[in-house]
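The following exercises introduce a single protein chain through short tasks, each with a worked solution. Please consult the sequence and the structure while working through them.

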Amino acid sequence: QVQLVESGGGLVQAGGSLRLSCAASGRTFASRAMGWFRQAPGKEREFVAVISSTGGNTHYTDSVKGRFTISRDNTKNTVNLQMNSLKPADTAVYYCVMDKTASSIYPSYSYGPSDFGSWGQGTQVTVSP
């Protein structure tokens, strides 16, 4: 059974940066695409970014392109989300996720929560004006 544990959330001023990390247990990590979702108060969970199992391909939602970078280290079973130029609209609980079966990613595909079978508990990111 896979466990995902996020860390690195916190309070930051607009324009600042945060780095989220996710530590994964289990032997499937290196063979699965990994991603991040977020959920703001009163809103549905929103896809943020995804990375292929090898780390060679990434895909982002339009609102974070150029500001966020997803990366992974398969030797440490970790996936990271570097967030720069943060905006108040980025305020949300951020979740680390593991794809149900796929190792590859598809930039033309609209990723939704049902594509991912394992979720972390979430970490709060708050961006003040």
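**Exercise 1.** Leaving aside its neighbours within four places in sequence, with which residues is Ser-85 in contact?

*Solution.* The model is a predicted one, and the contacts below are computed from it.

Step 1. Locate the residue: Ser-85 belongs to the loop that joins E8 and E9.

Step 2. List its partners beyond four places in sequence: Ser-85 is in contact with Gly-15, Gly-16, Ser-17, Arg-67 and Asp-90.

Step 3. Consider its exposure. The relative accessible area of Ser-85 is 41%, so the residue is classed as partly exposed, a class that lies between 20% and 50%.

Step 4. Add one distance: from the C-alpha atom of Ser-85 to that of Gly-66 there are 9.3 Å, with the two positions 19 residues apart along the chain.

**Exercise 2.** Determine the sign of phi at Ser-85 and at Asn-77, and set it against the general tendency.

*Solution.* Step 1. Recall the general rule: most residues other than glycine have a negative phi.

Step 2. Read the angle at Ser-85: phi is positive, about 50°, although the residue is not a glycine.

Step 3. Read the angle at Asn-77, which is placed in the loop between E7 and E8. Its phi is near 55°, again a positive value in a residue other than glycine.

**Exercise 3.** Describe the secondary structure and the overall dimensions of the protein.

*Solution.* Step 1. Count the elements: the protein has 11 strands and zero helices. Read from the N terminus, the order is therefore β-β-β-β-β-β-β-β-β-β-β.

Step 2. Compare the radius of gyration with the globule rule. The protein has a value of 13 Å, close to the 14 Å that the rule gives for 129 residues, so it is as compact as a globular protein of that length.

Step 3. Note the extents: along the principal axes, the C-alpha atoms fill a box of roughly 40 × 30 × 25 Å.

Step 4. Examine the contacts with a separation of 6 or more: 61% of them join residues 24 or more positions apart.

Step 5. Turn to the surface. Of the 129 residues, 46% count as buried, while the protein exposes about 6400 Å², of which carbon and sulfur atoms supply 48%.

Step 6. Place the charges: there are 12 positive and 8 negative side chains, and the centres of the two sets lie 4 Å apart.

**Exercise 4.** Which residues have the most contacts inside the largest nonpolar core, and which strands each supply at least two residues of this core?

*Solution.* Step 1. Begin with the general tendency: in soluble globular proteins, nonpolar side chains tend to be buried together.

Step 2. Identify the set: the largest nonpolar core has 27 residues, and Trp-36, Val-79, Leu-81, Met-83 and Tyr-94 have the most contacts inside it.

Step 3. Assign strands: E3 (18-24), E4 (34-39), E5 (46-51), E7 (68-73), E8 (78-83), E9 (92-99) and E11 (123-128) each supply at least two residues of this core.

Step 4. Look for a further core: another one, of eight residues, lies apart from it, and its members include Phe-47, Val-50, Val-97 and Phe-116.

**Exercise 5.** Are Ser-52 and Ile-105 buried or exposed, and how are they placed relative to each other?

*Solution.* Step 1. Find their loops: Ser-52 lies between E5 and E6, and Ile-105 lies between E9 and strand E10 (116-119).

Step 2. Apply the cut-off of under 20% relative accessible area. Ser-52, at 4%, is therefore buried. Ile-105, at 10%, is therefore buried as well.

Step 3. Give the distance: the two residues are 53 positions apart along the chain, yet their C-alpha atoms are separated by 5.5 Å.

Step 4. Inspect the contacts beyond four places in sequence. Ser-52 touches Ala-33, Asn-57, Arg-72, Ser-103, Ser-104 and Ile-105. The partners of Ile-105 include Ala-33, Val-50, Ser-52, Asn-57 and Tyr-111.

**Exercise 6.** How far apart in space are Gly-8 and Thr-61, C-alpha to C-alpha?

*Solution.* Step 1. Locate both: Gly-8 is in the loop between strand E1 (4-7) and strand E2 (10-13), and Thr-61 is in the loop between strand E6 (58-60) and E7.

Step 2. State the separation: they are 53 residues apart in sequence and 21 Å apart in space.

Step 3. Compare their surroundings. Gly-8 is partly exposed, at 35%, whereas Thr-61 is buried, at 18%. Beyond four places in sequence, Gly-8 touches Leu-18, Arg-19, Leu-20 and Thr-123, and Thr-61 is in contact with Glu-46, Phe-47 and Val-48.

Conventions:
Residues numbered from 1 in each chain as written. Predicted model: local features only at pLDDT ≥ 70, side-chain atom pairs only at ≥ 80, totals over all residues. Heavy atoms only, no water. Core = buried A, V, L, I, M, F, W, Y, C linked by side-chain atoms within 4.5 Å. Buried < 20%, exposed > 50% of the residue type's maximum accessible area, 1.4 Å probe, protein only. Helix = DSSP H or I, 4+ residues; strand = E, 2+ residues; numbered from the N terminus. Rg over C-alpha atoms; globule rule 2.2 N^0.38 Å. Contact = heavy atoms within 4.5 Å. Areas by Shrake-Rupley, 256 points an atom, 1.4 Å probe, with all protein chains shown as cover. Lys, Arg positive; Asp, Glu negative; His and termini not counted. Charge placed at Lys NZ, Arg CZ, Asp CG, Glu CD.
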